[in-house]
Amino acid sequence: MKRLIVLILLPCTAFLFPNPVQAALPWWTPLAHAPASVRCTTAPCTPITPDEPVFLIMGTTVLRRVGKDTTPDPGSPELQQGSFLAAPAVYPGTVIAATPGGTIYRRSSSGTWHLSLQLLPNLPDPAPPRITGCAAMPGRLTGAVYCSTDGDGMLVTTDAGTTWYRANDGLPLRIDAVVAVPSLHAFAARAGSHWYIHVLRALPAPTPPRHISPAGFWLLALGSLAITALLLLVPLWHWRNKLTN
C-alpha cells in the first residue's frame, strides 16, 4: 500500500516544481590587474556628473558649482576630512556624501540633506567600519551608487540613498576603494593588491511558473483524488478488520 501511494505521489508532485536553474554568476569576479581605463585607485576617478550643478568637497564643506560660481551648498552637513561624494546623473541634483567614519548623507533633488545611513560597530571593535570610497556611473547608464568599506564589504543604493543593501558576493569584507569604469559598463573594487570587477547586468528574472499540459493537469487532479481516497480508505479498512476480528 505504501509503495502504491509513493508511485502515485511522485509523478503528481513533479508537476508542482519548476525545472532546476543554474546558480547566478558571482556579482564580483577577480581581475589579474586594474582595468586598463582606471587611472587612479581612489574614487572618484571621473567627474561627479557631466551636468550642472557640479558638486565637490573643499576641506569639510560641500560646494555647488554652476558655471563659474562656486558656493557652499545650503544645508549641507559638515563632513570629515577625506570624505567622498557621488552623484548619480540618473537622479539630477541628488548627491551621496560619505565620511570615513561610517556616516552617509543624501541630498535630495530639492536640495534638502538627510542622514542616509550610519554604520554600526562590528563588535568587539568599538568603531564602525571605515568607508573607503564611493562611486557613481557618469551619464545615464545606471543610478546605482557603490560605497566600499573596510570591514562591511560593498554597500549599494539604487534609489539615491533612500535604501542600502550589501553586494558582497565574490568580495572580501575589507575593500580599499571602488571606482566606476564607464568604458566597460562596470564598477571595479580594490582590496590590497587584488582587483575585482562587476559588469552591470539586470538582476536575475524570477523563474516562470511551469506550464502544465491538459494531460498533466488531469493526471495531477486524478492523482490527488486517488491519494485522498487511499488516505481515507486505509484507516477505514484497518478499523473494519479490527471490528470484525
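**Entry 1: the disulfide**

What is the handedness of the disulfide between Cys134 and Cys147? I began my notebook with this one, and I should say at once that I am working with a predicted model. I looked up the torsion about the S-S bond of Cys134 and Cys147 and got about 110°, so the disulfide is right-handed.

I then searched for other disulfides, and the count for the structure stayed at one. The sulfur atoms of Cys134 and Cys147 sit 2.1 Å from each other. Cys134 belongs to strand 9 (residues 130-136) and Cys147 to strand 10, so the bond ties together parts that are 13 residues apart in sequence. I also asked how much of each cysteine can be reached from outside. Cys134 has 0% relative accessibility and counts as buried. Cys147 counts as buried too, at 0%.

**Entry 2: a neighbour on strand 9**

While I was on strand 9, I picked out Ile131, which lies in that strand. Its relative accessible area is 1%, so I noted Ile131 as buried. Leaving out residues up to four places away in sequence, I listed what Ile131 touches: Phe84, Ala98, Thr99, Pro100, Gly102, Thr103, Ile104, Leu119, Ser148 and Thr149. I also checked Ile131 against Gly151: they are 20 residues apart in sequence, and their C-alpha atoms are 8.8 Å apart in space.

**Entry 3: aromatic rings**

How many aromatic pairs does a search of the whole structure find? I got two.

The rings of Trp28 and Tyr146 have centres 5.9 Å apart and planes at 85°, so I wrote this pair down as edge-to-face. Trp28 is in the loop between helix 1 (2-14) and strand 1 (29-31), while Tyr146 is in strand 10 (residues 145-150), so the pair ties together parts that are 118 residues apart in sequence. Trp28 is buried, with a relative accessible area of 1%. Tyr146 is buried as well, at 2% relative accessibility.

Tyr146 also pairs with Phe187, and here I found the rings stacked, with 4.2 Å from centre to centre and 25° between the planes. This pair links distant parts of the chain: Tyr146 is in strand 10 and Phe187 in strand 14 (residues 186-191), 41 residues apart. For Phe187 I noted a relative accessible area of 0%, which makes this residue buried. Put together, Trp28, Tyr146 and Phe187 form one aromatic cluster.

**Entry 4: strand 13 and its hairpin**

Phe187 took me to strand 14, and from there I went on to strand 13. Is strand 13 (residues 177-181) enclosed or open? Five of its five residues are buried, so strand 13 is largely enclosed by the rest of the structure. I looked at the two faces separately and found both covered. Ala177, Val179 and Val181 are buried on one side, and Val178 and Ala180 are buried on the other.

Strand 13 runs antiparallel to strand 14, and five bridges join them. To fix the register in my mind, I noted that Ala177 stands opposite Arg190 in strand 14. The two strands make a hairpin with four residues between them. In that turn I noticed His185, whose phi is positive at about 55°.

**Entry 5: a three-stranded sheet**

I also looked up an open sheet of three strands, which come in the order 2-3-4 with antiparallel pairing. Strand 2 (54-58) and strand 4 (69-72) are at the edges and have a single partner strand each, so one side of each is left without a neighbour in the sheet. Ignoring direction, neighbouring strands here are turned by 30° against each other on average.

Between strand 2 and strand 3 (residues 61-66) I found five bridges, and the two run antiparallel. Val54 stands opposite Arg65 of strand 3.

**Entry 6: how far I trust the model**

Before closing the notebook, I checked the confidence. The average pLDDT of the protein is 79, and 71% of the residues score at least 70. Residues 13-23 have a pLDDT below 50, and this stretch has ten contacts in the model beyond near neighbours in sequence. Residues 41-50 are also below 50, and there I noted 26 contacts beyond near neighbours in sequence. Where pLDDT is low, predicted coordinates should not be read in detail. I have therefore marked residues 13-23 for caution in my notes, with their pLDDT below 50.

Note on methods
Residues are numbered from 1 along each chain as its sequence is written. This is a predicted model: local features need pLDDT of at least 70, side-chain atom pairs count only at pLDDT 80 or more; totals for chains, interfaces and linings use all residues. Side-chain values use heavy atoms; hydrogens and water are left out. Rings of Phe, Tyr and Trp (its six-membered ring) pair if their centres lie within 6.5 Å; planes under 30 degrees apart count as stacked, over 60 as edge-to-face and the rest as tilted. Buried means under 20% relative accessible area, exposed over 50%, partly exposed in between (1.4 Å probe, protein chains only). A disulfide is a pair of cysteine sulfur atoms within 2.5 Å. Two strands pair if DSSP finds at least two bridges between them. Axes are lines fitted to C-alpha atoms, for helices over the stretch in contact, and angles run from 0 to 180 degrees between N-to-C directions. pLDDT is the predictor's confidence in each residue, from 0 to 100. Contact means heavy atoms within 4.5 Å.
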